[in-house]
Amino acid sequence: MNRRSALLSAFIALCGLFLFACTIGSSESPAPTSAPVATEPPISQTPGPEEALRPAIPETRRLILEYPPRVRAGNESNLISLTLDVDNLGKITPTAHFPGNITEGGVIEIPNLYETHNVTAEAQFDIAGLEVKPGGVTFQPLRQGEAITFYWSLRAQEIGTYRGTIWLYLNFEDRSSGEKSRVAVSAQIVEIEAVDFFGFSTNFVRTSGVVGSVLGLIVGFPFFDDGVKYLWGRLARRKRKTGRPPRKM
Amino acid sequence: MRKIRLVIAVIILSASIALLVWGFFPNPRETRIQNISPKEMQIPTPSSLHSDPGRLL
C-alpha cells in the first residue's frame with residue numbers, strides 16, 4: 001500500500017513537473033507575429049529636429065476625389081476627377097517640445113521645398129475591366145498655392161462591379177544636384193458598378209425612349225387635341241367673363 | 001375603340017418616359033475629401049520609411 005501510494009505520488013509529481021516545464025517553454029517562446037513588433041523601436045509621433053528641418057511643402061493640401069459609384073454600361077463616358085487643392089484654413093503652427101513638459105513657442109524655419117526642388121504630382125488610375133483614358137501615369141507640375149486636377153474618362157462595356165485604386169505620388173527633383181525622390185501621398189480604393197436596363201444597352205434604351213415618346217404622341221394625338229381644345233375653350237370663357245362689366249344690384 | 005387607343009397611348013408614353021429618365025438621368029457622384037498635412041509631403045528619408053503602412057488607405 002505504501003509502495004503504491006509512493007509510486008502514485010511520484011507519478012503525480014512527474015506530471016506536475018512536465019506541465020510546469022511546458023508552460024515555461026510556451027511563455028518563453030515568443031509568438032511569430034508579436035516578435036518583430038516587440039523588437040521594433042516605438043514610432044515617435046513628434047518629429048525630431050532633423051526631421052522638422054527637412055524641406056517641406058509649406059501648405060496644407062486637400063485631396064478631393066470625385067467619381068460615379070454607379071455607371072451605365074455602354075458607350076457612355078463618365079468623368080473622374082482628382083484635385084489636389086490648397087487648404088486655406090489649414091495653418092502650420094510650429095511648436096518645440098522639450099523634456100520636462102516645458103514648451104517654448106518659437107519660429108522654426110522650415111525650408112521651403114518649392115525653392116529648392118521641382119515638385120511634380122504623379123497620378124495613376126488602376127482598374128481592371130474598364131476603359132480608362134488616359135491610361136497609365138499622368139504628371140502635372142505642382143506650384144506653391146496652386147491647385148491641380150487630374151481627369152480620367154471612364155467607359156464600361158460590360159455590367160459588373162469593378163474595383164480599382166487611384167494613386168497619387170509626389171516627385172521631388174533637387175534643382176542643384178538633380179537628385180530625384182518620390183513619395184506616395186494617397187492610394188484610394190474605388191468601387192464602380194456598371195449597370196444596364198434589364199439586359200438592354202444604354203443606347204438602345206435611349207433610342208427606344210425617344211421613338212416611344214413620338215409614337216405615344218401620335219397614337220394619343222386625338223385625345224391631346226381634345227384636351228387642348230377643352231382647355232382653350234375654358235380659358236376663352238374665363239376671359240370673356242372677366243371682360244364683362246359687373247352687374248348693377 | 002377610342003378608349004383602347006387612349007389606354008395604348010398612355011402605356012407607350014409612360015414606358016417611353018421611364019426609359020428616357022433612366023437613360024438620361026445623371027449618374028450619382030461621390031466625393032471624398034482627404035486632408036494632407038505638409039508632413040506627408042516631405043522628401044522621404046530612410047527613417048520616414050518606417051511609418052504606418054495603413055496610413056495611405
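# Two chains, two sheets and a shared strand pairing

Let me begin with a region to set aside: over residues 17-47 of chain A, pLDDT stays under 50, and the model has four contacts beyond four places in sequence for that stretch. Residues 90-106 of chain A also stay under 50 in pLDDT, and there the model has 14 contacts beyond four places in sequence. Where pLDDT is low, the predicted coordinates should not be read in detail. I therefore leave both stretches out of what follows, as what we are looking at is a predicted model.

As to confidence overall, chain A has a mean pLDDT of 75, with 66% of its residues at 70 or more. For chain B the average is 81, and 79% of the residues score at least 70. For the complex, the predictor gives an ipTM of 0.71 and a pTM of 0.64.

I turn now to the contact between the chains. Chain A contributes 46 residues and chain B contributes 35 residues. On the side of chain A that touches chain B, the elements giving two or more residues are β1 (61-67), β2 (70-72), β10 (160-174), β11 (180-195) and α5. Of these, α5(A) provides the largest share, 10 residues. Sorted by class, this side of chain A holds 25 nonpolar, 13 polar and eight charged residues.

Two features of this contact deserve a closer description, one helical and one formed by strands.

The helical one first. How do helix α5 of chain A and helix α1 of chain B cross? The axes of α5(A), residues 202-219, and α1(B), residues 2-24, come within 7 Å and cross at roughly 150°. Because of that angle, α5(A) is roughly antiparallel to α1(B). The crossing in which α5(A) passes α1(B) is left-handed. The residues of this helix contact comprise 13 nonpolar, eight polar and two charged.

The second feature is a strand pairing across the chains. Strand β1 of chain A and strand β1 of chain B, residues 30-36, are paired in the antiparallel sense, over seven bridges. Within that pairing, Leu63(A) has Gln34(B) as its bridge partner.

This pairing belongs to an open sheet of five strands, whose order is β7(A)-β9(A)-β3(A)-β1(A)-β1(B), with antiparallel pairing. Which strands stand at the edges of this sheet? They are β7(A), residues 131-133, and β1(B), each of which pairs on one side only. From one strand to the next, the twist averages 20°. At the β7(A) end, three bridges join this strand to β9(A), residues 148-155, and the two run antiparallel. Lys133(A) is matched there with Ser153(A) as its bridge partner in β9(A).

Chain A also has an open sheet of five strands in the order β2-β11-β10-β6-β8, and here the pairing is mixed. Its edges are β2 and β8 (137-141), each with a single partner strand, so one side of each is left without a neighbour in the sheet. Neighbouring strands are turned by 30° against each other on average, direction ignored.

Let me walk through part of this second sheet. β10(A) and β11(A) run antiparallel and are joined by 14 bridges. Along this pairing, Thr165(A) has Ile189(A) as its bridge partner, while Phe172(A) stands opposite Ser181(A). The two strands form a hairpin with five residues between them, and in the turn Gly178(A) has a positive phi of about 80°.

On to the pairing of β10(A) with β6(A), residues 117-127: these strands run antiparallel and share 11 bridges. Ala123(A) has Leu168(A) as its bridge partner in β10(A), and Ile127(A) stands opposite Gly164(A). β6(A) pairs in turn with β8(A), in the antiparallel sense and over five bridges. In that pairing, Gln124(A) is partnered by Val137(A). As a reminder for reading the side chains on screen, in a regular strand they alternate between the two faces of the sheet.

To bring the two chains together once more: α5(A) and α1(B) cross at roughly 150°, and β1(A) pairs with β1(B) over seven bridges. The ipTM of 0.71 should be kept in view alongside this description of the complex.

Notes: Residues numbered from 1 in each chain as written. Chains lettered and ligands numbered in written order. Axes fitted to C-alpha atoms, helices over the stretch in contact; angles between N-to-C directions. Helix = DSSP H or I, 4+ residues; strand = E, 2+ residues; numbered from the N terminus. Parallel < 35°, antiparallel > 145°, perpendicular 65-115°, else oblique. Left-handed = near helix turned anticlockwise from the far one by under 90°. Nonpolar A, V, L, I, M, F, W, Y, C, P; charged D, E, K, R; others polar. pLDDT = per-residue confidence, 0-100. Contact = placed C-beta atoms within 7 Å. Pairing = 2+ DSSP bridges.
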